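User: Could you take a close look at one part of this model for me, the annotated domain at the start of the chain, and tell me what surrounds it?

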2 protein chains.
Amino acid sequence: MSQTVDRALSILPLLAEGPADLGQVADRLGVHKSTALRLLRTLHEHGLVYRQSDQRYRLGARLFALAQEAMENLDVREIAHAHLVRLNEQCGHTVHLAVYEENEVLYIDKVESRYPVRMYSRIGKPVAITVAAVAKLLLADLPEHERRALAEKLDYPMYTPRSTPHAAAFLQELAAVREQGWATDLGGHEESINCVAAPIRGADGRVVAAMSVSAPNVVVTADELLTLLPLVRRTADAISGEYSGRTPAEPT
Amino acid sequence: MSQTVDRALSILPLLAEGPADLGQVADRLGVHKSTALRLLRTLHEHGLVYRQSDQRYRLGARLFALAQEAMENLDVREIAHAHLVRLNEQCGHTVHLAVYEENEVLYIDKVESRYPVRMYSRIGKPVAITVAAVAKLLLADLPEHERRALAEKLDYPMYTPRSTPHAAAFLQELAAVREQGWATDLGGHEESINCVAAPIRGADGRVVAAMSVSAPNVVVTADELLTLLPLVRRTADAISGEYSGRTPAEPT
DNA sequence: AGGCGCGTTGCGCATCTTGCAACAGTCATT
DNA sequence: AATGACTGTTGCAAGATGCGCAACGCGCCT
């Protein structure tokens, strides 16, 4: 809506792919070099862009700081963290917390497994939305039309033979998840990794976040992991209670 | 330099403090509501800003994704990661990788301790620049005038009695670090936590990153931690060699 | 030396942004 | 139920602001 800002912001994803010099930026924006220069300068002043020694531009440090601050300010995250740690102490596996936002599901907290074999994931990284257990819970709670629209729009990459293959299957899965109130991912993303997840609800019953426990086959079988379901659900409910203000946590 | 972009970007740190509604944003920017609205819309389209259910604005998901991508593209990080993991396997403690950029030092990678007691830190979080071992190494390598200017400008918070108290002491410490080629932080940030750090150098000998091993007193004493110094330095040198192209790592 | 490529600057024109004023919802109050 | 206050939203005209051009400076390679 605002041309100048629009152009300036378009630089960011472009630089996310890797460093670029002034000419490249100007070209890919379709503007004159002098224009690109002024935009980059402004971005630079705000620390969103960094000029490395070879004069090329990279994304800057303030971006990390911003993302960090933003994350710390999420109320769910703050409330949930202690519960996640406790759950990790009890079962030892990797625990994740995720939220849905604008067609994406992303991890906003994580407690690492205490077993030597760990799964790869990073806070802030968008989740494999068609297969992850937490994603299923978050999407299952969207209003009907929004859910359908999103499902149609998504790609369905076959990470493994057990990945969700297409929109129809996904919507069916979401319906089931919505019914049962919990979700799993059994080798749908990485062949040897299973997850169990439960929803965290706000005062109005809407799902505001989802949490999961993940573990590789080599540590526990899928069946063994499923025995943790009650524990996971109890933890999620405890967080829900505290988040919606029903259970006043210990004062801070 | 570009007014519109400047204003738009000023919204981000503002929202980082917490959600705000249109009026608040307009006020703090000192512009008309309609102006603020258009800026927010543009930010929204790019996903940098999210509109939560109560209509207030928050920082958006794409910000995380961008920060994430930016991090993944740092060459040092990519090269170093395997080495950090190996070091962690050997000593079991928390391993950090940090870089300097525009007056800040920030962690760009981390391998968690395998001991139950862990220190708190997060990738992307700015480091306590006046006390952290990695910060000392990175700043010690700055050109004389820049180093001095920065030292004068910094705050020197007394996290503990052993924190660096003022610029003079800091500059002296940096000189020593520069000489010996490694650095420590013995309880300068958290009373019970010690770190040993070593520099990673590019082909031209400049310090491009720094890595450290950290452990709380309850796990190993400072003296015991210091016995790891040779190992840390060897790891750092290995990364330096690979980064500067001298040691061609296994092909990707 | 010469030429090429890149980043940088000043400037006039036109565009895009701005603030206004009026409108449309939503909620609380009377 | 009607009133008022509040917030977010739209169309518009005036002019400040960002735009591309062309020329310059600089380092690098031939």
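Analyst: UniProt, in an unreviewed entry, puts the feature "domain: HTH iclR-type" at residues 2–61 of chain A; UniProt positions are given in the numbering used here, feature names are shortened, and annotations may be inferred rather than shown by experiment. Bear in mind that this is a predicted model, where local features need pLDDT of at least 70, side-chain atom pairs count only at pLDDT 80 or more, and totals for chains, interfaces and linings use all residues. Residues are numbered from 1 along each chain as its sequence is written, while chains are lettered from A and ligands numbered from 1 in the order in which they are written.

Across residues 2–61, chain A is 60% helix and 10% strand, with the end C-alpha atoms 25 Å apart. Helices (H or I, at least four residues) and strands (E, at least two) are DSSP runs, numbered from the N terminus. A domain assignment, automatic or from a database, splits chain A into domain 1 (3–66) and domain 2 (74–243), and their centres, taken over C-alpha atoms, sit 35 Å apart.

Now the DNA. Strand C has 18 residues around it, and A:Gln3, A:Asp21, A:Leu22, B:Ser34 and B:Thr35 come nearest; "near" asks for a C-beta atom, placed from the backbone, within 6 Å of the strand. Chain A supplies at least two residues each from α1, α2 (22–29) and α3, and chain B does so from α1 and α3. That surface divides into three nonpolar, 11 polar and four charged residues (Ala, Val, Leu, Ile, Met, Phe, Trp, Tyr, Cys and Pro count as nonpolar, Asp, Glu, Lys and Arg as charged, and the others, Gly among them, as polar).

Over at DNA strand D there are 18 residues too, the closest being A:Ser34, A:Thr35, B:Gln3, B:Asp21 and B:Leu22. Here α1 (3–16) and α3 (33–45) of chain A, plus α1 (3–16), α2 (22–29) and α3 (33–45) of chain B, give two or more residues each.

How do the two chains relate? Chain B lands on chain A with an RMSD of 0.2 Å after a turn of 180° and a shift of 0.0 Å along the axis, superposed by least squares on the C-alpha atoms of residues with pLDDT of at least 70 in both. So that's the relation of a two-fold axis. B:Val5 has the chain B C-alpha nearest the axis, 2.4 Å from it.

As for the chain-to-chain contact, 40 residues of chain B touch 40 of chain A, counting pairs whose C-beta atoms, placed from the backbone, lie within 7 Å. α4(B) gives the most to chain B's side, with nine residues, and that side holds 20 nonpolar, 10 polar and 10 charged residues.

One piece to zoom in on: α4 (residues 61–72) of chain A packs with α1(B) at about 35°, axes 9 Å apart. Axes are lines fitted to C-alpha atoms, for helices over the stretch in contact, and angles run from 0 to 180 degrees between N-to-C directions. There, A:Leu66, A:Glu69 and A:Ala70 meet B:Leu12, B:Pro13 and B:Ala16.

Notes:
Contact = placed C-beta atoms within 7 Å.
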